[in-house]
Amino acid sequence: MKTHKLRFECTGCGGCCTGRGNARLEYFVAVTPAERERIRAYLGISPAWFRRRYLMRYWDGQHSLRWKDDRCVFLDGDKRCRIYPVRPVQCRTYPFWPELVESKIAWRAEARRCEGINRGGIVPPARVRLTLKRQERAVRQSFLPDRSRSRKR
Ligand code: SF4
């Protein structure tokens, strides 16, 4: 799909944070070591508590925010993000993810979930490309262990 025709305007509907199934095959929220530490500090909880309650680590080492009852664990009852100021790059770059931008079918399907897709003005292609790069970098870094843990090794 060409990146010069994409329109998006966030309405804060929370559609990107819910309704995707519970398994990683459906969805995950990649978090880098720096993002994990920022979220943990924002919540003011211990690393162990943060890992246990809010984090998932998959068999291949990738880290994701926990997904519970078909929604991100940080989405509150009013469909607001409880960690909005420190939300991960994956959330900030939505919907400009490779799997959505590279397929017209996927983009159209996502538009049924999110009312902000195909709304508002066209997003400048340079911004879309930059966003895609940020997202890809964040996903790569989400495989890295916590900084505190890697220092101990
Ligand atoms: S961290 Fe916030 S913005 Fe990201 S998926 Fe969870 S609720 Fe949504």
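Biologist: Does Lys79 count as buried, exposed or partly exposed, and why?

Modeller: In this predicted model, Lys79 lies in the loop between strand S6 (71-72) and H3. Lys79 has a positive phi of about 60°, although this residue is not a glycine. Exposed residues have 12 or fewer other C-beta atoms within 10 Å and buried ones 20 or more. Because Lys79 has 13 C-beta neighbours inside 10 Å, the residue counts as partly exposed.

Biologist: Why does Asn118 count as it does, buried, exposed or partly exposed?

Modeller: Asn118 belongs to strand S7 (residues 117-122). Its phi is near 70°, a positive value in a residue other than glycine. Since 15 other C-beta atoms lie within 10 Å of Asn118, its class is partly exposed.

Biologist: How many of the residues in the shell around the ligand are charged?

Modeller: The ligand is surrounded by Cys17, Val29, Leu65, Cys72, Phe74, Leu75, Cys81, Ile83, Arg87 and Cys91. Nine residues of this shell are nonpolar and none is polar. The number of charged residues is one.

Biologist: Which strand and which helix each supply at least two residues of the largest nonpolar core?

Modeller: The largest nonpolar core has 17 residues. Among those with the most contacts inside this core are Cys16, Phe28, Val29, Ala30 and Val31. At least two residues each come from strand S2 (29-30) and helix H3 (89-92).

Biologist: Which residues does Cys72 touch, not counting those up to four places away in sequence?

Modeller: Cys72 is one of the residues with the most contacts inside the largest nonpolar core, and Cys72 is also part of the ligand's surroundings. With residues up to four places away in sequence left out, Cys72 touches Cys17, Thr18, Val29, Leu65 and Trp67.

Biologist: How many residues form the second, separate core?

Modeller: This core includes Leu6, Phe96, Leu100 and Val128. Its total is five residues.

Biologist: Which two residues does a cis peptide bond join?

Modeller: The loop between H3 and helix H4 (98-101) contains Pro95. Omega of the cis bond is about 0°. The residues joined are Tyr94 and Pro95.

Biologist: What pattern does the protein follow along the sequence?

Modeller: The secondary structure comes to seven helices and seven strands. Read along the sequence, these elements give the pattern β-β-α-α-β-β-β-β-α-α-α-β-α-α.

Biologist: What percentage of the contacts with a separation of 6 or more is between residues 24 or more positions apart?

Modeller: The protein has 153 residues, of which 25% count as buried. Among contacts with a separation of 6 or more, the share from residues 24 or more positions apart is 76%.

Conventions: Residues numbered from 1 in each chain as written. Predicted model: local features only at pLDDT ≥ 70, side-chain atom pairs only at ≥ 80, totals over all residues. Near = placed C-beta within 6 Å. Nonpolar A, V, L, I, M, F, W, Y, C, P; charged D, E, K, R; others polar. Core = buried A, V, L, I, M, F, W, Y, C linked by C-beta atoms within 7 Å. Helix = DSSP H or I, 4+ residues; strand = E, 2+ residues; numbered from the N terminus. Contact = placed C-beta atoms within 7 Å.
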